[in-house]
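Visitor: Could you walk me through this model, starting with the overall fold and then going to local details?
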Amino acid sequence: VAMGWRIGDRIMVAPTTRASSGTAEAFTIGAFSIGNVVELASADGQFGGATGQTFAAEARASGSGGGVALLSAEVINLRRSVVITGDDFSQVPCSSFSTTATTCTMGLHTAMMARGGLLRMQHARVERCGQRGVLGKYCIHLHLIASCPACVVRGNAVERSMQRGLIIHGTHQSLVEANVFADVRGANLYIEDGNEMYNRVLHNVAICPWAREGAKRGCTVPGTDNGEADTALNQAGLWSLPSINHVVGNRFANHFNGMFFMANFAGGAGRGAAQGLLCTEAQLLGRIQGNTMHGHGRFGTYLLGPNFPR
């Protein structure tokens with residue numbers, strides 16, 4: 001209640017099984033009761049919404065400094081009063097697009113695409129988004145804005161994407177904070193070319209609701225321009241070419257990798273407009289602190305190098 005959750009809101013509970021083997025569940029809030037208890041409603045709105053699995057919920061002492069590691073299921077609220085939505089996904093031939101796929105999946109996309117532009121998107125829900133196989137068409141896209149300390153993407157919910165969730169591309173000093181992601185195929189948060197610097201990626205939560213060995217192969221998706229970030233090679237909650245951004249307090253559950261920094265991608269020399277103009281293997285490390293990983297199929301946090309930060 002103190003967080004502003006309401007009866008009728010839709011929530012998702014992440015699995016707490018190991019090695020990306022679980023599936024998430026979504027419920028409607030039916031009531032709140034004493035002791036900070038959320039009572040679940042079933043699909044028809046009646047009380048007694050039940051789950052068939054047991055979720056971990058524990059806190060353990062961490063180190064000698066009195067820290068606590070919270071080992072419990074992530075729970076996110078997916079309801080927003082402002083909804084950006086459209087028709088359901090459609091399939092079209094990819095003959096007119098530069099892609100590795102033969103069939104492209106078309107959803108909506110939002111973007112700020114101008115040097116010196118400003119994007120401030122807060123507390124909205126973006127759904128049925130991303131265009132698999134079409135370069136640059138994502139749910140939320142900061143595209144080649146350059147320095148933008150006033151850019152804020154905060155408190156949004158992104159659900160049902162066929163190509164990534166939130167992309168920082170050629171943009172610096174933006175704030176990406178307290179967003180939630182569910183059922184996003186490919187990298188949920190994606191930092192693209194290697195020259196993106198000092199962006200603040202803070203306290204976001206990304207849940208992959210599908211088991212890795214299930215019909216959807218987790219949250220992987222083929223046919224994008226980056227098989228490392230999106231397919232079974234190294235799909236991740238956060239995939240980043242640069243390391244010079246601040247990534248603090250985020251939580252990732254049930255992906256193949258939690259956070260994957262790949263400094264040697266594209267030969268370690270940047271890509272796109274930055275190709276050949278930088279050395280990502282020698283970049284400074286930003287502040288990477290207090291992030292939590294649950295039940296991933298491979299790594300929690302991985303820096304694929306070589307990484308020799310100056």
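Guide: What follows is a short talk about overall make-up, a pocket and some backbone details. This is a predicted model, in which local features need pLDDT of at least 70 and side-chain atom pairs count only at pLDDT 80 or more, while totals for chains, interfaces and linings use all residues. Residues are numbered from 1 along each chain as its sequence is written, and side-chain values use heavy atoms, with hydrogens and water left out.

Visitor: What does the secondary structure come to?
Guide: The protein has one helix and 28 strands, where helices (H or I, at least four residues) and strands (E, at least two) are DSSP runs numbered from the N terminus. The radius of gyration, taken over C-alpha atoms, is 19 Å, close to the 19 Å that the globule rule gives for 310 residues, so the protein is as compact as a globular protein of that length. That rule is 2.2 Å times the number of residues to the power 0.38.

Visitor: And how much of the protein counts as buried?
Guide: Of the 310 residues, 51% count as buried, meaning under 20% relative accessible area with a 1.4 Å probe and protein chains only, whereas exposed means over 50% and partly exposed lies in between.

Visitor: Switching topic, which residues lie nearest the centre of the largest pocket?
Guide: Met3, Gly4, Trp5, Ile76 and Asn77 do, out of 30 lining residues. The elements that give two or more residues to this lining are β1 (10-13), β2 (25-33), β3 (37-41) and β6 (75-77). A pocket here is an open set of points on a 1 Å grid over the protein atoms alone, where a 1.4 Å probe fits, with protein on both sides within 12 Å along at least five of seven lines, and lining residues have an atom within 4 Å of a point.

Visitor: Any odd backbone spots, say, where is Arg164?
Guide: Arg164 lies in the loop between β15 (157-161) and β16 (166-172), and has a positive phi of about 65° although it is not a glycine. Arg164 is buried, with a relative accessible area of 0%.

Visitor: What about His203, buried or partly exposed?
Guide: His203 is partly exposed, with a relative accessible area of 45%; its phi is also positive, near 55°, and its place is in the loop between β20 (200-202) and β21 (205-207). Most residues other than glycine have a negative phi, and most peptide bonds are trans.

Visitor: Then which residues does a cis peptide bond join?
Guide: Gly305 and Pro306, with omega about 10°; Pro306 sits in the segment after β28 (301-304).
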